[in-house]
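Please look over the chain shown below, together with its fold, before reading the notes that come after it.

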Amino acid sequence: MLKILLLGNETLKKTAEPVKDIDQDLREYTQQMLRAMKSGRGIGLAAPQVGRLERFFVCQVEDDEPRVFINPEIIRTSPDEVIYEEGCLSIPNLWANVKRPSAISIQAWNEKGRPFTLDAEGILARVIQHEFDHLNGILFVDRLSETQRKRLIEQFEKRMRM
Ligand code: NI
């Protein structure tokens, strides 16, 4: 099982590099990521979270099929924003309200190497934006106020010591 890196690991702060080849190795890796994601009861997981600094992530929302986004670009964000509670497998068992655009359009390649564009709203738009942030070294705590971030990080560190 792939090991998920936790808050404090420097890799999580780094910008990931574009994927060069969408091949069998990458396909198998996305399957392993989906397994790690599900075993942690997550709905999304980005490659940097398992120590692979490349631009791809996986997600699966509710009864939807699993989705793979390789070299994604968010090409449109809605002007209206919504507040939604987020968590992260790299910051287990802690959640906070984060404000983000309610809808987005994303362009990416799937695991078969086919390009696609997807318009997403609701929880899918939320997961995509959260995972996309991971590719740029951004965690959801970085989107909170200074006070909220400090409080959450303190809670995380306290739990890690227990
Ligand atoms: Ni996350």
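The report that follows takes up the two helices, some backbone angles, two acidic residues and a pocket.

The model is predicted, and every value given here is computed from it.

**Helix 1**

Helix 1 covers residues 24-39, and for its 16 residues a rise of 1.5 Å a residue leads one to expect a span of 22 Å, which agrees with the 23 Å found between its end C-alpha atoms. The residues L26, Y29, T30, M33, L34, A36 and M37 of this helix are buried. Seen down the axis of helix 1, these buried residues fall within an arc of 165°, so they line one face of the helix. An α-helix has 3.6 residues a turn, so residues three or four places apart point the same way. The buried residues of helix 1 pack against strand 1 (44-46), strand 2 (56-59) and strand 3 (67-77).

**Helix 2**

For helix 2, which has 14 residues, the same kind of estimate at 1.5 Å a residue gives 20 Å, in agreement with the 21 Å that separates its end C-alpha atoms. Helix 2 is mostly covered, with 12 of its 14 residues buried. Among these buried residues are charged ones such as R126, E131 and D133, and the list also includes L124, V127, I128, F132 and L135.

**Positive phi angles**

The table gathers residues with a positive phi and states where each one is placed.

| Residue | Phi | Place |
|---|---|---|
| R41 | near 55° | follows helix 1 |
| N71 | near 45° | strand 3 |
| N93 | about 60° | strand 5 |
| G137 | about 75° | just after helix 2 |

N71 and N93 each have this positive value without being a glycine. N93 counts as exposed because its relative accessibility is 52%, and the cut-off for that class is over 50%.

**Two acidic residues**

Is E73 buried, exposed or partly exposed? With a relative accessibility of 45%, E73 counts as partly exposed, and its place is in strand 3. Leaving aside residues up to four places away in sequence, E73 touches S105, I106, Q107 and F132, and F132 is itself one of the buried residues of helix 2. The C-alpha atoms of E73 and A108 are separated by 6.4 Å, although the two residues are 35 residues apart along the chain.

D133, found in helix 2, has a relative accessible area of 5% and is therefore buried, given that buried means under 20%. With residues up to four places away in sequence again not counted, D133 touches R100, I138 and R143.

**The largest pocket**

The largest pocket has a volume of about 480 Å³. Its lining is made up of 22 residues, and those that lie nearest its centre are I43, E86, G87, C88 and W95. Strand 4 (81-88), strand 5 (91-101) and helix 2 (122-135) each supply at least two residues of this lining. By class, the lining of the largest pocket holds 10 nonpolar, 7 polar and 5 charged residues. Helix 2 thus appears in two parts of this account, as a mostly covered element and as a contributor to the lining of the largest pocket.

Terms used. Residues numbered from 1 in each chain as written. Predicted model: local features only at pLDDT ≥ 70, side-chain atom pairs only at ≥ 80, totals over all residues. Heavy atoms only, no water. Helix = DSSP H or I, 4+ residues; strand = E, 2+ residues; numbered from the N terminus. Expected span 1.5 Å × (residues − 1). Buried < 20%, exposed > 50% of the residue type's maximum accessible area, 1.4 Å probe, protein only. Arc of directions from axis to C-beta. Contact = heavy atoms within 4.5 Å. 1 Å grid on protein atoms, 1.4 Å probe; cavity = no way out; pocket = protein on both sides within 12 Å on 5 of 7 lines; lining within 4 Å. Points joined across faces, edges and corners; volume = space filled by probe spheres on them.
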